[in-house]
Amino acid sequence: MARFIRDILATLSYEPAKAPADREELSRLDQRLAHFADKGAGTGGTISIQPDECSVWDGNPRDQPGLTADSCRSLIESIASEGGNRIPVLVRLNPPGSDRPYQLLVGSRRRFAVGWLNHNGRPDLRLTALVVDLSDEEAFRLADIENRERADISELDRARSYQHAVDRFYGGVQSRMAEALNLSNSQLSRLIALAQLPQEVIDAFATRDELRVRYSELLTPLLRQAGQRGRMIAEAQLIGEQQQALARQGDRLIPPATVLARLREAAMPPSQEEARDIAIIAGGARIGRAKPSRGGGLTVDLSIAEDADLDELLTRLRETIVAVRAAPLL
């Protein structure tokens, strides 16, 4: 078995491959595992276990809470019709004293699907598994081979797993990790830069699936300057609040291209006039701005929706006017 798995690691050496258009289309790793299971049927090559007999290895980048019956619907239907998962999951033995006997390395969606079916009318189904003996680094490379071809692994999840793995498995040396994964140093650096974006910037996007490596390539150089970084994070916080307000109202969220443009614009140094503007925020959204004039007056620019809460709006407007009056003239 160990020879078979290490042969997979050697022969599936990260050749560029397009993610399957259909999420249930077999990846190259799935094809190899399915062939092994078919060839070894009845020979004891696989075992049957209950889904809750295995914990999920923390080195796998897949977002476990993100798995739902809807996202796994076609897989659930396939496993139900076939009476089990034809493609085995990969597990290894947990250390003595662990709560569960096995640790899942590859096959999170299959484990979820069988577990869901167990609780929804098919308690007889078991999870078909291969027990392997792999080091953490080998397990990480194998999971990476599978996940590179999966459309439901976000670039951010993958980037965060790489950021964690470079210290955990490769002694903090990116070049060692890049060589092991058959990536260029620049490819790996760009992925890790995505994982290192400030949380405020990540939260500015409607979903983390919208974040792309190319966005971090544009934003990271701007974030390295202290002044620019402060303005970008402030704008990201404002966008995040607006996204939450839009979500509560059931409105269309701010698209990623707009988020990116606003963050890049925020990095530009403000003019003297713009620097004195104070944003008016109500309901988590920016509804206008106010600024003092040299003649002692006050300029207010508002955009008020029909369903705006007027009491809150007037309260925020009063607070803003007081703040502007207290601001010193340039």
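In helix α11, Q228, R231, M232, E235, A236, L238, I239, Q242 and Q243 meet V259, R262, L263, A266 and A267 of helix α12. By class, the residues of this contact are eight nonpolar, three polar and three charged. The model is a predicted one. Its protein chain holds 14 helices and eight strands.

**The α11–α12 pair**
- Helix α11 covers residues 226–249, and helix α12 covers residues 256–267.
- The two pack at an angle of about 145°.
- Their axes lie 8 Å apart.
- The crossing of α11 and α12 is right-handed.

**E235, a charged residue in the contact**
- E235 sits in helix α11.
- Is E235 buried or exposed? Its relative accessibility is 16%, under the 20% limit, so E235 counts as buried.
- Beyond its neighbours within four places in sequence, E235 is in contact with R262, L263 and A266.
- Those three partners are among the α12 residues that meet α11.

**Nonpolar cores**
- The largest nonpolar core has 47 residues.
- Which residues have the most contacts inside it? They are F140, Y162, M177, L197, L211, L219 and L263.
- Helix α6 (residues 155–170) gives the most to this core, with seven residues.
- Domain 1 (1–14 + 26–153) and domain 2 (197–267) each supply at least three residues to this core.
- L263 thus links two topics: it is listed among the most-contacted core residues, and it belongs to the α12 side of the helix contact.
- A second, separate core has 18 residues, including C72, L104, V114 and L125.

**Around F140**
- Setting aside neighbours within four places in sequence, F140 is in contact with W57, G59, S161, Y162, A165, F169, Y170, M177 and L181.
- Two of these partners, Y162 and M177, also appear in the list of residues with the most contacts inside the largest core.

**Helix α4**
- Helix α4 spans residues 108–118.
- Nine of its eleven residues are buried, so α4 is largely enclosed by the rest of the structure.
- The buried set is S108, R109, R110, R111, A113, V114, G115, L117 and N118.
- The arginines R109, R110 and R111 are thus among the buried residues of α4.
- V114 is buried in α4 and is also one of the residues of the second core.

**Whole chain**
- The protein chain has 330 residues, and 41% of them count as buried.
- Take contacts between residues at least 6 apart in sequence: 69% of them join residues at least 24 apart.

Terms used
Residues are numbered from 1 along each chain as its sequence is written. This is a predicted model: local features need pLDDT of at least 70, side-chain atom pairs count only at pLDDT 80 or more; totals for chains, interfaces and linings use all residues. Side-chain values use heavy atoms; hydrogens and water are left out. Axes are lines fitted to C-alpha atoms, for helices over the stretch in contact, and angles run from 0 to 180 degrees between N-to-C directions. Helices (H or I, at least four residues) and strands (E, at least two) are DSSP runs, numbered from the N terminus. A crossing is left-handed if the near helix is turned anticlockwise from the far one by less than a right angle, and right-handed if clockwise. Contact means heavy atoms within 4.5 Å. Ala, Val, Leu, Ile, Met, Phe, Trp, Tyr, Cys and Pro count as nonpolar, Asp, Glu, Lys and Arg as charged, and the others, Gly among them, as polar. A nonpolar core is a set of buried Ala, Val, Leu, Ile, Met, Phe, Trp, Tyr and Cys residues joined through side-chain atoms within 4.5 Å. Buried means under 20% relative accessible area, exposed over 50%, partly exposed in between (1.4 Å probe, protein chains only). Domain bounds come from an automatic or database domain assignment.
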